[in-house]
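Colleague: Could you take me through this structure slowly, and tell me how each term is justified?

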Amino acid sequence: MKVAVVGAGAMGSLFGGRLAEAGQEVWLIDVWKAHVEAIRAGGLGFSERGVTRRVAVKATTEPPDAGPVDLVIVFCKHNDTAEAIRQATPLIAPETLVLTLQNGIGNVDIIKAVVPAERVVMGLTTLAAILRGPGHVEASFLGRGETYIWPVSGRVTPPVERVASAMNAARLYTEISPDVEFRIWRKLVINAGVTALSAVVPLTIGDIAAHPNAREILEATTREIVAVAQKKGIPLTYEEGIEYLWRVSAEAKTHIGSMTVDVTRGRKTEIEAINGAVVREGERLGVPTPANRFIYDLIRIIEDTYERRITGGERR
Ligand code: NAD
């Protein structure tokens, strides 16, 4: 199978690297020149459990270099999706499937504006990765990790099955799962709750989850997300949402969320696809979401004021 990963940062390199090692023809496509050049010169550095190996994989900044592929995996950040999918058109032939495993809500609609819905596949993954530098990714989730995919059309075709089996052969344990929307909204409980709050401070997931004053805030964001999901017909209960939040927070307690990485680097976050999406869906469906709105507003203030931040001062 010929695969192009559009947005070959941390997660794109993790998925692309594993698929290439499993024998698929993989193109890593990214606008970050230094990263692409490093991969071309010495392969992709791939660190896992303290061991680093080199993975031979094609890389380019120019989608036409790769030409049409069987599968495009979109793994840029939400804010870059519209531009990335527009630039990715040379990769997309009439039979090409486009898979998004990005976090949050809204990327599927952006992709559907360019790619017919019957060729769009949505999903999520519990795997995690960080970039060590140009051309070097580290798998930061030490468990087996799970990935769930589901075609937007609801029709499981042989090409969708081939994608799942290629991913399974690459140790990207993948299930074709009709309850993927339930899983996406359950994951939103984490991303809009503990991950977003840990970016306000910023702290690790474990440090924010353990703080006694965080508990009520996280219970409130969870309650609202569950109410919005239920109004959409997604059968997520508060008990399932809150149990998942505390369980994942305990399992990932040393993890630094990607929004936290963004704010510490002075970058835009994915808040629009996370708490922003909860607020917008709540408004549309008549469900109040004040706790998500509060976190959304705080992050928007943070990302709009990096240059004016007051620093320094001695602790006494
Ligand atoms: P990242 O910032 O490491 O990688 C994104 C890459 O996209 C960057 O290398 C960037 O240069 C590239 N890009 C931007 N515009 C582009 C364009 N027009 N064309 C091609 N490439 C472009 O981000 P990440 O951490 O890998 O996250 C990607 C997605 O996966 C996000 O939605 C994130 O929320 C989600 N996610 C991340 C993790 C994690 O552990 N990092 C886990 C699960 C889900």
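Modeller: What follows goes from the ligand to the domains and then to two details of the backbone. This is a predicted model, in which local features need pLDDT of at least 70 and side-chain atom pairs count only at pLDDT 80 or more, while totals for chains, interfaces and linings use all residues. Residues are numbered from 1 along each chain as its sequence is written, and side-chain values use heavy atoms, with hydrogens and water left out.

Colleague: How do you know which residues surround the ligand?

Modeller: A residue is near a molecule if one of its heavy atoms lies within 4 Å of it. There are 22 residues around the ligand, and the closest are A10, M11, D30, N103 and E270.

Colleague: What makes the pairing of the ligand with a polar backbone atom of A10 a polar contact?

Modeller: A polar contact is a pair of N or O atoms within 3.5 Å; within protein, one must be able to donate a hydrogen and the other to accept it, and residues adjacent in sequence count only if both atoms are side-chain atoms. An oxygen atom of the ligand is 2.9 Å from a polar backbone atom of A10, so this pair falls within the limit. A ligand oxygen is also 2.8 Å from a polar backbone atom of M11, and one is 3.0 Å from a polar backbone atom of A129. On its own the ligand has 830 Å² of accessible area (Shrake-Rupley method, 1.4 Å probe), and the protein covers 88% of it.

Colleague: How do you know where domain 1 and domain 2 begin and end?

Modeller: The bounds come from an automatic or database domain assignment, which gives domain 1 as 2-178 and domain 2 as 181-307. Their centres, taken over C-alpha atoms, are 24 Å apart. The contact, meaning heavy atoms within 4.5 Å, takes 15 residues from domain 1 and 18 residues from domain 2.

Colleague: Why is the area between domain 1 and domain 2 called buried?

Modeller: Buried area is the accessible area (1.4 Å probe) that two parts lose on being put together, summed over both. For domain 1 and domain 2 this is about 1,500 Å², with carbon and sulfur atoms giving 57%. K77, N103 and I105 supply 39% of the area that domain 1 buries against domain 2, more than any other three residues.

Colleague: What is notable about the peptide bond from V201 to P202, and about phi of R49?

Modeller: The bond from V201 to P202 is cis, with omega near -15 degrees. R49 has phi near 50 degrees, a positive value in a residue other than glycine.
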